[in-house]
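Work through these short exercises with the model open. Try each task before reading its solution.

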Amino acid sequence: MIHYASETKTFNLWLDTSFYVFQIDGEGRPVHLGWGLLPEGAGAADSLRGSVYADSYDTLLSFYTQYRPDEVLAFGEIITYQETLKVHFPSLSQQPDASEALHFPVRDLRLRYVDHEIVTDAQPGLTPLREQPTQNAAPRETLRLLLRDPAYPFYVTLCYRLTPEHDVIERWLELENRGDDAVTVESCNFASLHLPNGHQELTTASGAWAREFQIQRERLKPGLRLVESRALQTGHNSNPFFFVNRPEQAWEDNGVVYFGQLAYSGSWRLAFEQLPTGQVRVHGGYNPFDFGLSLAPGERHVTPAFICGVCREGWGGASRRLHAFLQERVLPRSANWSGLRPVLYNSWEATQFAINFENQAALAKRAAAIGVELFCVDDGWFGTRVSDTAGLGDWFVRETAFPAGLEPLVDEVERLGMRFGLWVEPEMVNPDSALYRAHPDWVLHFPGRPRTEARSQLILDFGRPEVVECIYNVLDNLVSRYRVAFFKWDMNRYTAEPGSVVGREIWLRHVAGVYSIIDRLRQKHPTLEIQSCSGGGGRIDAGMMGRTDQVWVSDNTDAFDRLAIQ
């Protein structure tokens, strides 16, 4: 429930067991008041009415203004500490005062309340466009708070979407340039969260290839603690989620825990900040590293969601809330969804690149005999792919492995009562490939600089619409021609030279391109299922999970380790 006390301009966001409250102050700034657990027996009649907010932060010494807990910490009013949003404008068309000196650009943003509305159809940026519904598609309330800069027609809408049964709030920003000149966004978090003052303990996950998701727990110290990925995918080294609690006051099944995660698969950052006053802030969104976003006149940008909440059932309770939220509100249900994932067999461990019709048909018979329902042919079925040095990007059947094409194997797999799947790595290309020889300019690179290979492959430039369209068409053709029911979508390297026709916006455009291909495939082929893989667990997040049916959590297939992983 969302309640607004008009006399004091106080907003109450009520969930099942928690609340979130902020207020518009005398200058029109949304200022945070509180976020936590509801008292026992509290009801709607107990909504905070507040009092007219006193601008005490502004009446103290100037450096105290940096501590004001604004709902959006705009660079200009907040400089000393981390901001939510930083933009720069061209100079004003007319000088407001003859004493003003022109500065180019104006790196100062002041956001003031204009209006608000409560809607049930709001969507964060990069929301999946698909035919498959989620388990629970019931409408949810979203508070949309419109703010404007007083000197330039730049608007920011703060969005708060409530899923009360899981005590989850999704936060995001909508940016709109209504001026006549382009505006450059230098940093952009989806939201900044204000946690209770005082010492806090942070739980995150770190790791590396084949040893992902190792839990780390530490006490936050004054200053800044960063958890991030500087990649085109989510990353193996860390994951965009966190728990925060009072030291030694939370355990697996009890204790107050704040939790959050980003619904985004690209270059991201979580910044945990403890101020000298004891205030604790969490900023989450696009990684400002090499970041670039320009808004042309009339252009609008909507960020993905920062998912957050609080519970009193410890780390396990926070996990269960996030899991339930993802299961019910994020994961797609394909047209052939029966309530259970199909039993999947993948050919890689048995045959690796030594693929041919005979050994795959033999594997299919063995798989069917033990109850497998989905048979996936892994790397080596296409182009000139007999090793990882050639053929990537040539998504046509390798004749030396399948002289009669894939149709006989597809027919055999279906005759045995299974569905047919293929491994693909659509974002990549080998220099030794027909695709690269035809379009050497289609890869990320800087002119005159080396093109660094990893696993003998380069990354396609998804900042080019023609590249995205090409990849969509070849995958669409595979699904249509070979009755492909499942893709294992892999991505096996990090970025080296991120040179693109779209410049620094490649970090955003690449993710948007990947999402758009998957969305279009699933719209056209509603029974298609997709597994997200990036060298194992390198792309597991709420953004990708909104588009895929499962994830390959790790390339670690050691039997003992796998028991714990599963």
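**Exercise 1.** Sort the residues of β2 by the way they point, and decide whether they are buried or exposed.

*Solution.* This is a predicted model. Start with one side: Thr-10, Asn-12 and Trp-14 point one way from β2. Phe-11 and Leu-13 point the other way. In a regular strand, side chains alternate between the two faces of the sheet. Now apply the cut-off: buried means under 20% relative accessible area. Five of the five residues of β2 (residues 10-14) are buried, so the strand is largely enclosed by the rest of the structure.

**Exercise 2.** Find the strands that pair with β2, and state the sense of each pairing.

*Solution.* Take β1 (residues 2-5) to begin. Four bridges join β1 to β2, and the two run antiparallel. Ile-2 has Leu-13 as its bridge partner in β2. Four residues lie between the strands of this hairpin, and Lys-9 in the turn has a positive phi of about 55°. Next take β3 (residues 18-24). Five bridges link β2 and β3, again in the antiparallel sense. Here Asn-12 stands opposite Val-21. A hairpin of three residues makes the connection from β2 to β3.

**Exercise 3.** Give the strand order of the open six-stranded sheet, then place helices α4 and α7 on their strands.

*Solution.* The order is β21-β22-β23-β26-β27-β28, with parallel pairing. The edges are β21 (344-346) and β28 (550-551), each pairing on one side only. Helix α4 (residues 357-369) packs on the sheet and touches β21 and β22; its direction makes about 155° with that of β22. Helix α7 (residues 465-482) lies across β23 and β26, at about 145° to β26.

How values were computed
Residues are numbered from 1 along each chain as its sequence is written. This is a predicted model: local features need pLDDT of at least 70, side-chain atom pairs count only at pLDDT 80 or more; totals for chains, interfaces and linings use all residues. Side-chain values use heavy atoms; hydrogens and water are left out. Two strands pair if DSSP finds at least two bridges between them. Contact means heavy atoms within 4.5 Å. Axes are lines fitted to C-alpha atoms, for helices over the stretch in contact, and angles run from 0 to 180 degrees between N-to-C directions. Buried means under 20% relative accessible area, exposed over 50%, partly exposed in between (1.4 Å probe, protein chains only).
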